[in-house]
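Got your viewer open? Let's take a walk through this one, a stop at a time.

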Amino acid sequence: MKTLKCIVAGFGFMGQTHAGSICNAPGMELTAVVDALPKEKIKPAAGNIKTESVSWEQLENVPFFQSLDEALHSVEADAVIVATPNFLHTDAVLTALDAGKDVFVEKPLCATLSEADQIRKKAEKTGRLVQVGFVVRFNQPYCYLKDTLTSGTLGSLQYLQMHRYTGAPAWWQGVDEQEKMDTALHDLNIHDIDFAISLLGEPENVRLNQNLHRKFNTSLFASTWNFPGGTPVQIQGGFLRPSTVPFRAGFMAMFENGMLEFTKKFDSMALFRHTADGSFEIPLDPQENPFQKEILSFAECVRNHQQPEANVHAAIRDMEWIEKLVHKM
Ligand SMILES: NC(=O)c1ccc[n+]([C@@H]2O[C@H](COP(=O)([O-])OP(=O)(O)OC[C@H]3O[C@@H](n4cnc5c(N)ncnc54)[C@H](O)[C@@H]3O)[C@@H](O)[C@H]2O)c1
């Protein structure tokens, strides 16, 4: 197996998480780290969810750079992992594609639909792959929900409710009110929107609870989506004040013959299957790391030059549906 050499750009919480996945994966090598900060100023980072991060010892021989261009000119790399703040994704993705590298970029793909179009065109022109970090697709309970739906073991899906809340992140507190508009949707709840569409296909329509959305100045939302076949899906959540509110996510999936119920807190999660025969907790493998699975799946796509499922087109479609949701298009 050819070793896949990767540069990680943006070395905060997610960059360190992906570096950990790369350093612990067979057949992958971290050849450089890029961050706006010099190495001595970078600290081990933590986020609103618990992830396996890289250990500082693993970085001993990895060179650090303050620009992606410099790293691309200095080390060998097949791929670039972009984990900079959202508004900087486009620049890094275009730079990496121009250098002929495959790209994994954290969600959301970028800040605007016109930037997304630039990325799509560049990916097509260069023929390189772009995978977007929709890690929920690799999360055990969501995979179990997908398997239950496709295997038909509980019959057809009648209703799905998904939620994701967290205390407002530190970066959001400093953003002015106009800039804050719908950042929670683009930054956090896009995970559930992406998952629902990947599970059920193109929605027929969507409706936003306008009162709630206005009342909380767009930081909270509740929405109802209709999919072909008549499955209603409710997706809700957002950024909460005070910022100390812990992370929460989950779903309730009602099938013809039973129900799945999942809750996730900061570092614990539980999945239940309720049927007429009783309620059972579905064992989740605590060793299974969705971020690791996601990076391994990206590596597999790069090796086989095969389009990832969470690709640019899926990410653009998600962004377009958020536009429709918010602007009633
Ligand atoms: N998939 C998930 O579950 C998940 C969770 C959290 C964050 N994210 C995404 O990951 C990305 C990063 O978020 P984070 O929480 O790690 O942020 P963070 O603030 O912890 O890290 C961002 C890093 O980028 C660096 N940076 C800033 N400008 C740069 C530049 N021009 N070039 C290189 N580095 C630069 C910063 O110094 C910082 O170290 C965002 O896109 C975010 O939406 C995804």
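**Stop one: the ligand.** Select the ligand and bring up its surroundings: 23 residues sit around it, and Gly10, Gly12, Met14, Ala36 and Glu106 come nearest. Bear in mind as you click that this is a predicted model. Now colour that shell by class, and you should find twelve nonpolar, seven polar and four charged residues. Which helix gives the largest share of the shell? Select residues 13–23: that is helix H1, and it supplies three residues.

**Stop two: the whole chain.** Zoom out and switch to cartoon. The chain has eleven helices and 14 strands. Its C-alpha trace spans about 60 × 45 × 40 Å along the principal axes. For 329 residues, a compact globule would have a radius of gyration near 20 Å, and the chain agrees, with 20 Å. Buried residues account for 41% of the 329. If you draw the contacts with a separation of 6 or more, 72% of them link residues 24 or more positions apart.

**Stop three: the open sheet.** Next, pick out the eight strands that form an open sheet, in the order S8-S9-S10-S7-S11-S12-S13-S14, with mixed pairing. Go to the edges by selecting 205–208 for S8 and 278–282 for S14; each has a single partner strand, so one side of each is left without a neighbour in the sheet. Look along the sheet and you'll see the twist, which averages 15° from one strand to the next. As a reminder, strands of a sheet pair through backbone hydrogen bonds, either parallel or antiparallel.

Stay at the S14 edge and add residues 269–275, strand S13: the two strands run antiparallel and five bridges join them. Which residue of S14 stands opposite histidine 274? Click across and you land on serine 279.

**Stop four: a helix across the sheet.** Select residues 183–200 to get helix H8, which lies across strands S7 (157–167), S9 (220–227) and S10 (231–240). Compare its direction with that of S10, and you'll find H8 running at about 160° to this strand.

**Last stop: lysine 125.** Select helix H4, residues 113–126, and find lysine 125 in it. Is lysine 125 buried or exposed? Count its C-beta neighbours inside 10 Å: there are 10, so lysine 125 counts as exposed. To finish, draw a C-alpha to C-alpha distance from lysine 125 to phenylalanine 251; the two are 39 Å apart in space and 126 residues apart in sequence.

Key. Residues are numbered from 1 along each chain as its sequence is written. This is a predicted model: local features need pLDDT of at least 70, side-chain atom pairs count only at pLDDT 80 or more; totals for chains, interfaces and linings use all residues. Two strands pair if DSSP finds at least two bridges between them. Helices (H or I, at least four residues) and strands (E, at least two) are DSSP runs, numbered from the N terminus. Axes are lines fitted to C-alpha atoms, for helices over the stretch in contact, and angles run from 0 to 180 degrees between N-to-C directions. Two residues are in contact if their C-beta atoms, placed from the backbone, lie within 7 Å. The radius of gyration is taken over C-alpha atoms; the globule rule is 2.2 Å times the number of residues to the power 0.38. A residue is buried if 20 or more other C-beta atoms lie within 10 Å of its own, exposed if 12 or fewer, and partly exposed in between; C-beta atoms are placed from the backbone. A residue is near a molecule or strand if its C-beta atom, placed from the backbone, lies within 6 Å of it. Ala, Val, Leu, Ile, Met, Phe, Trp, Tyr, Cys and Pro count as nonpolar, Asp, Glu, Lys and Arg as charged, and the others, Gly among them, as polar.
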